[in-house]
Amino acid sequence: MDKNFKFTNAVVLLPLFSVILLWFVFWLDIRFHFDFTQNGIYPRTLSGLQGIVFSPFIHGDFEHLYNNSVPLFALLAALQFFYPKQSIYVIFIGVLLSGSLTWIIGRDSYHIGASSLIYVLFSFVFFKGIQTKHNRLVALSLAVIIVYGGLVWYIFPTPDILGRNSISWEGHLSGLLTGLILTFFLETKEYKKLPKYEWEQPNYNPIDDKFMQRFDDCGNFVNIPVVIEEESIIKYFTSDVTVNYIVIPNEKNESKPES
């Protein structure tokens, strides 16, 4: 397994704690008859700003809570396993930024639920995997889009159903945009592919490559023209000065070598 992908207790504990916290808040709402809905995001009002922090923990009914619990657990586990260094930033910045966008563009109604965070996680995991071009992260992106690709349809406006307000497509859209924005600001240098071949180097010039020189502009294989080096011409100099040579006989008594 890649050294960057390590299973830790946080891979299970983080999503488990998050889901338990959602169910605990829902239990408090039912057991003590609290009306936490009023603590949700109410767009463009001062009191509605509190919902930016509290809305992910508030759910209208059991079905709403259950539908958010399963994808939240799965996506948080994937985020913590594949992006452990970025997970905390994605969660906290994702909640604040997506909530703020919902507060700006939302309808005049209370927006509650963890679905905005789910869309943040879905968007970040999908787009970041494509950007990194890491084999396993790209595979994760494909798996996410296959399993949760249907979420994309819920970022568009939907009509009211039986007199009740429709789902918060504004929150979903805000979460999707937030996750995409975070992919550009949260770097994943640990997954950056190191150059392995000479042609992957940033300063690579194909003109200087001996192999690439074998191809013409049309891609045809050609022979490199042979450069014939000019033979060096030895120049002789003449002079009018008379040179006298004196021969000195060998007077040493040295034996001649035997042939």
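Phenylalanine 81 counts as buried in this predicted model, at 15% relative accessibility. Its sequence neighbour phenylalanine 82 is buried too, with a relative accessible area of 16%. Both values fall under the 20% limit, which means that each residue lands in the buried class. Let's start from this pair and work outward to the rest of the chain.

**Aromatic pairs**

- The rings of phenylalanine 81 and phenylalanine 82 pair up edge-to-face, with 4.8 Å from centre to centre and 85° between the planes.
- Tryptophan 27 and phenylalanine 32 make another edge-to-face pair, this one at 5.9 Å centre to centre and also with 85° between the planes.
- How accessible are the two partners, tryptophan 27 and phenylalanine 32? Tryptophan 27 is partly exposed, with a relative accessible area of 45%, and phenylalanine 32 is partly exposed as well, at 44% relative accessibility.
- In total, the count for the model comes to 10 aromatic pairs.

**Around phenylalanine 32**

- Which residues form one aromatic cluster with Phe32? The other members are Phe24, Trp27, Phe34 and Phe36.
- Phenylalanine 32 also has a charged companion: the charged end of arginine 31 sits over its ring, 5.3 Å from the ring centre.

**The largest nonpolar core**

- The largest nonpolar core holds 36 residues.
- Leu72, Leu79, Tyr83, Val90 and Leu121 are the residues with the most contacts inside this core.
- Which helices each supply at least two residues of the core? They are α1 (10-31), α3 (62-82), α4 (87-105), α5 (115-132), α6 (135-148) and α7 (169-185).
- The largest share comes from α3, which gives 9 residues to the core.
- Leaving aside residues up to four places away in sequence, leucine 72 touches Leu22, Ala114, Leu117, Ile118 and Leu121.

**The chain as a whole**

- The protein chain has 7 helices and 0 strands, so reading along the sequence gives the pattern α-α-α-α-α-α-α.
- Of the 259 residues in the protein chain, 35% count as buried.
- Among contacts between residues at least 6 apart in sequence, 73% join residues at least 24 apart.
- The accessible surface of the protein chain comes to about 18600 Å², and carbon and sulfur atoms account for 63% of that area.

Note on methods. Residues are numbered from 1 along each chain as its sequence is written. This is a predicted model: local features need pLDDT of at least 70, side-chain atom pairs count only at pLDDT 80 or more; totals for chains, interfaces and linings use all residues. Side-chain values use heavy atoms; hydrogens and water are left out. Helices (H or I, at least four residues) and strands (E, at least two) are DSSP runs, numbered from the N terminus. Buried means under 20% relative accessible area, exposed over 50%, partly exposed in between (1.4 Å probe, protein chains only). Contact means heavy atoms within 4.5 Å. Accessible areas come from the Shrake-Rupley method with a 1.4 Å probe; for residues, only the protein chains shown count as cover. A nonpolar core is a set of buried Ala, Val, Leu, Ile, Met, Phe, Trp, Tyr and Cys residues joined through side-chain atoms within 4.5 Å. Rings of Phe, Tyr and Trp (its six-membered ring) pair if their centres lie within 6.5 Å; planes under 30 degrees apart count as stacked, over 60 as edge-to-face and the rest as tilted. A charge sits over a ring if NZ of Lys or CZ of Arg is within 6 Å of the ring centre and within 35 degrees of the ring normal.
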